[in-house]
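Trainee: I am new to this structure. Please take me through one part of it closely, and then show me what surrounds that part.

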Amino acid sequence: MHSPDLSQDNIAKIRALFPDCVTEAADDQGTVRLAVDFDQLRQQLSDHIVEGPQERYRLDWPGKREALLTANAPIAKTLRPAREESVDFDTTQNLFIEGDNLDALKLLQESYLGKVKLIYIDPPYNTGNDFIYEDDFAQTSADFLAKSNQSSEDGKRLVANPEANGRFHSDWLSMMYSRLKLARNLLSDDGAIFISIDVHEQDNLKKVCDEIFGEVNHKNTISVRRGIKNVQAQFEDVVSLSQGHEYVMLYTKKNDSRLPKLIWTDGGSKPGKWDTFWRGTDRHTMRYDLFGYTPETGQWRWEKDRAKEAVNNYEHYLAHVAEAMTLDEWYIDNLVATNKKLNFVRKSDEGTVQYYVPPSDGKLLSDNWMDLTLSGSETDFFDTEKSLGLLNRIVSWMSASDSDDIVVDFFAGSATSAHAAILQNAKDGGRRKFIMVQWPEPLEEGTAAYKAGHRTIADISKERIRAAGKASLEEECHEDWNRDVGFRVLKVDSSNMTDVFYRPDEVKQDELFGQVDSVKPDRTAEDLLFQVLIDWGVELTLPINRETLHGKTVYSVDGNALIACFEPGVTDDLVKAVAARAPLRAVFRDTSFARDADRINAEQLFRQLSPGTELKAI
C-alpha cells in the first residue's frame with residue numbers, strides 16, 4: 001500500500017505523446033527501468049540540433065538528429081490543383097499528390113491529423129541498386145525554410161545509394177525516420193501501418209519502427225511469398241538457397257487497437273468460410289483445418305485427425321503433404337496455390353476425396369501469407385509491382401465496409417493501393433477513400449512506359465487509377481457503392497506567396513515598389529483556394545462549387561464550410577451576399593479591396609450579418 005508513482009505516470013504520458021523519448025536506463029541503484037530520454041525530448045521540442053553524450057539503449061546512426069530536425073522543420077510550400085489531370089475533380093473524395101512525400105506529409109499534417117485508418121508503403125529496399133530521397137539534414141531551421149520556398153528541379157530529388165557509400169545504411173535510415181515520424185501523426189487511434197521490406201533493412205526498420213510507434217505496438221511481421229511460380233518445385237532438389245519470401249511489418253497507433261479475428265461459418269452442404277469479426281486481441285492468426293469432400297456422397301466433413309497434424313503456415317503445410325506422400329502413399333493429382341484455395345486429391349479404397357485448407361475467403365491471416373505473391377502484373381511497366389491480391393487483403397482486412405476510412409500510400413509507385421481500395425469498395429459497397437503520393441521520377445527513353453506516352457512514374461500511377469476505376473464501373477458491383485473512382489490531383493510546389501511575404505528582412509526598399517501584391521503572378525484562384533484549405537486544416541477532398549455572384553467568381557467548399565473570392569473589385573453587395581449565407585469561414589484576396597476603408601467596411605458587414613464567420617484576407 002503506497003501512493004501512486006507520479007513519476008512513472010508522467011513517463012507514461014510522455015511515452016504516449018513521444019514514444020521515442022522513453023527508453024530503458026539504470027538508476028542510482030543500478031535498477032533498469034523506464035526513463036525519459038531528455039536529450040531526445042529536448043530535440044523534439046527544439047528547432048535546432050541538440051547534442052547529448054549519454055549512453056542508452058537505442059538505435060543510432062550519423063544524421064539521426066538531423067533527420068528529426070528535418071521532420072519537425074516547417075516548409076513554405078503548397079499543393080496546387082491540376083484539374084485537367086484529375087477525374088471528377090469537384091466531387092471525388094480521393095487524392096493523388098505529385099511531389100516529394102516528405103513535403104506532402106508535412107502539408108497533410110493539419111488537414112488529416114489523426115484521421116487515417118490505414119497506411120501502406122513499399123519504400124526502397126536499399127539493395128544498393130535502387131534510389132532514395134536526398135534530404136539535406138545539415139541546415140538550420142531558417143535555412144531549411146528559405147530553401148524549401150524554392151522550386152526543386154524535376155527528376156533530381158532521388159539519388160542512387162550504392163553500397164560503396166559510407167553512409168549507405170545511415171542515409172536510408174534518415175530518409176525513413178523523418179517520413180515515419182510524420183506518418184504516425186496521421187494515423188487514427190485505431191489506425192495501423194503496413195510496411196513492405198526485404199532482408200537488406202528489415203532489422204533496421206524494425207528498430208526504427210519500435211522507436212517511433214512503440215515496441216508494444218508491433219503486432220506482427222508477416223511473411224509473403226516472393227514469387228515461386230511452381231509450388232511443386234519445392235519438392236525438387238535445389239542447388240542453392242534463395243530468398244523465397246519478403247516481409248510486411250505491421251504496427252498500430254495504440255497498443256489497445258483491435259485487429260480482426262476469424263471465425264468459421266458452416267456452409268452446410270457447401271464449403272464453409274472464414275468471416276472476420278472484432279475481438280479484444282492483438283494476435284491475428286488462424287488455425288488450418290482440413291475439410292474433406294467426397295464427390296460420391298456430396299458431403300463435406302471435418303477431418304479432425306488430419307487437422308491435428310495440419311500446421312498454421314503454407315510451407316509447413318506443403319511439408320505435411322510431402323510427408324503424407326511418403327508415409328501414407330497419397331497420390332497428388334492436383335496441388336494448387338491461389339487466393340481461392342489450397343487443395344490436393346487423395347485416392348483410396350473409400351473413393352476419391354478432395355482435401356483443402358479453408359483460405360478464409362481470400363483472407364488467410366496467419367503471419368505467413370504464402371498463398372499470395374509479393375509482386376503482381378497489373379501493368380506492363382514495372383518489374384517489382386506490388387501484388388493487387390496482397391493490397392486487397394490488407395485493405396479489406398483493416399477497413400470495414402461500413403466505414404469511410406482513409407487509406408494512404410506515400411510511396412505509391414504504380415498505385416496498387418488505390419486500385420485495391422477501388423476494387424474492395426466495388427465489392428462490398430464501402431466508402432474507403434485514398435491518398436496516394438508519388439514523386440514524378442522521370443522515365444528513361446526506350447522503356448515500355450515511355451513508348452506508351454508516359455514521362456514520369458506519377459503519370460503511370462494516375463493512368464493506373466483511371467483504368468482501374470473504368471474497369472470497376474464496367475463490372476458487376478455492389479448496389480450500395482457510391483461509384484467514386486475519381487481522384488483530385490494536387491502537386492507540391494513553392495508557396496503561392498512572394499518572397500517578401502516570408503523574408504521581408506531580406507528585401508531592399510527599392511525592390512518593394514514592384515511587390516505590392518503578396519501573391520505570385522502565375523498563381524490562379526484555385527491555387528489560392530487550396531492554400532487556404534491547407535492553412536485552415538480543412539480536408540482537401542471536400543466538394544467544391546464554383547459560381548458567379550455579382551459578377552465575381554465565388555468558390556464554396558462543402559456548402560457553407562468556406563466561401564472564397566479572389567478577384568479584384570469586390571463590392572459591398574458581394575460582401576453582403578456572402579455574409580448572408582453565414583459561412584463558417586470566408587476569405588478574400590488582400591487586393592480584392594481597392595482601399596483599406598473597403599476592407600474595414602467588409603469586416604464591419606460580417607460583424608453585423610454573420611458574427612460567427614471567421615474572416616481572412618491573403
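Mentor: We start with one strand, β23, and then move on to the core and the aromatic pairs.

This is a predicted model. First, the setting. The protein chain has 618 residues, and 52% of them count as buried. Its secondary structure comes to 17 helices and 26 strands.

Now find strand β23, residues 552-557. Is it enclosed or open? Five of its six residues are buried, so the strand is largely enclosed by the rest of the structure. The cut-off matters here: a residue is buried when its relative accessible area is under 20%.

Look at the partners of β23. On the one hand there is strand β22, residues 544-549. Six bridges join β22 to β23, and the two run antiparallel. Leu-549 stands opposite Lys-552 of β23. The two strands make a hairpin with two residues between them. There His-550 takes a positive phi near 50°.

The other partner is strand β24, residues 562-565. Three bridges join β23 to β24, again antiparallel. Val-557 stands opposite Leu-562 in β24. This hairpin has four residues between its strands. In its turn, Asp-558 has a positive phi of about 50°. So much for the turns.

Keep hold of Leu-562. It stands opposite Val-557, and it is also among the residues with the most contacts inside the largest nonpolar core. That core has 93 residues. Others with the most contacts there include Ile-119, Phe-194 and Phe-410. Helix α6, residues 168-186, gives the core its largest share, nine residues.

Take Ile-119 next. Leaving out residues up to four places away in sequence, Ile-119 touches Ala-183, Leu-187, Ala-192, Ile-193, Phe-194, Val-408 and Phe-410. Phe-194 and Phe-410 are on this list, and both are among the core residues with the most contacts.

Phe-194 leads to the aromatic rings. The structure holds eight aromatic pairs. In one of them, Phe-194 and Trp-397 meet edge-to-face, 6.1 Å centre to centre, with 70° between the planes. This pair links distant parts of the chain. Phe-194 is in strand β8 (residues 187-197), Trp-397 is in helix α10 (residues 388-398), and they are 203 residues apart. Why does Phe-194 count as buried? Its relative accessible area is 0%, and the limit is 20%. Trp-397 is buried too, at 3%.

A second pair joins Phe-588 and Phe-606. This one is edge-to-face as well, 6.5 Å centre to centre, with 65° between the planes. Phe-588 lies in strand β25 (residues 585-588) and Phe-606 in helix α17 (residues 596-609), so the pair ties together parts that are 18 residues apart in sequence. Phe-588 is buried, with a relative accessible area of 2%. Phe-606 is buried at 3%. With Phe-593, these two form one aromatic cluster.

Two rings also have a charge over them. The charged end of Arg-455 sits over the ring of Tyr-450, 3.8 Å from its centre. Lys-616 lies over the face of Trp-536, at 5.2 Å from the ring centre.

Finally, step back to the whole chain. Of the contacts with a separation of 6 or more, 70% are between residues 24 or more positions apart. The accessible surface comes to about 29,400 Å², and 48% of it belongs to carbon and sulfur atoms.

Terms used. Residues are numbered from 1 along each chain as its sequence is written. This is a predicted model: local features need pLDDT of at least 70, side-chain atom pairs count only at pLDDT 80 or more; totals for chains, interfaces and linings use all residues. Side-chain values use heavy atoms; hydrogens and water are left out. Rings of Phe, Tyr and Trp (its six-membered ring) pair if their centres lie within 6.5 Å; planes under 30 degrees apart count as stacked, over 60 as edge-to-face and the rest as tilted. Buried means under 20% relative accessible area, exposed over 50%, partly exposed in between (1.4 Å probe, protein chains only). A charge sits over a ring if NZ of Lys or CZ of Arg is within 6 Å of the ring centre and within 35 degrees of the ring normal. Two strands pair if DSSP finds at least two bridges between them. A nonpolar core is a set of buried Ala, Val, Leu, Ile, Met, Phe, Trp, Tyr and Cys residues joined through side-chain atoms within 4.5 Å. Contact means heavy atoms within 4.5 Å. Accessible areas come from the Shrake-Rupley method with a 1.4 Å probe; for residues, only the protein chains shown count as cover.
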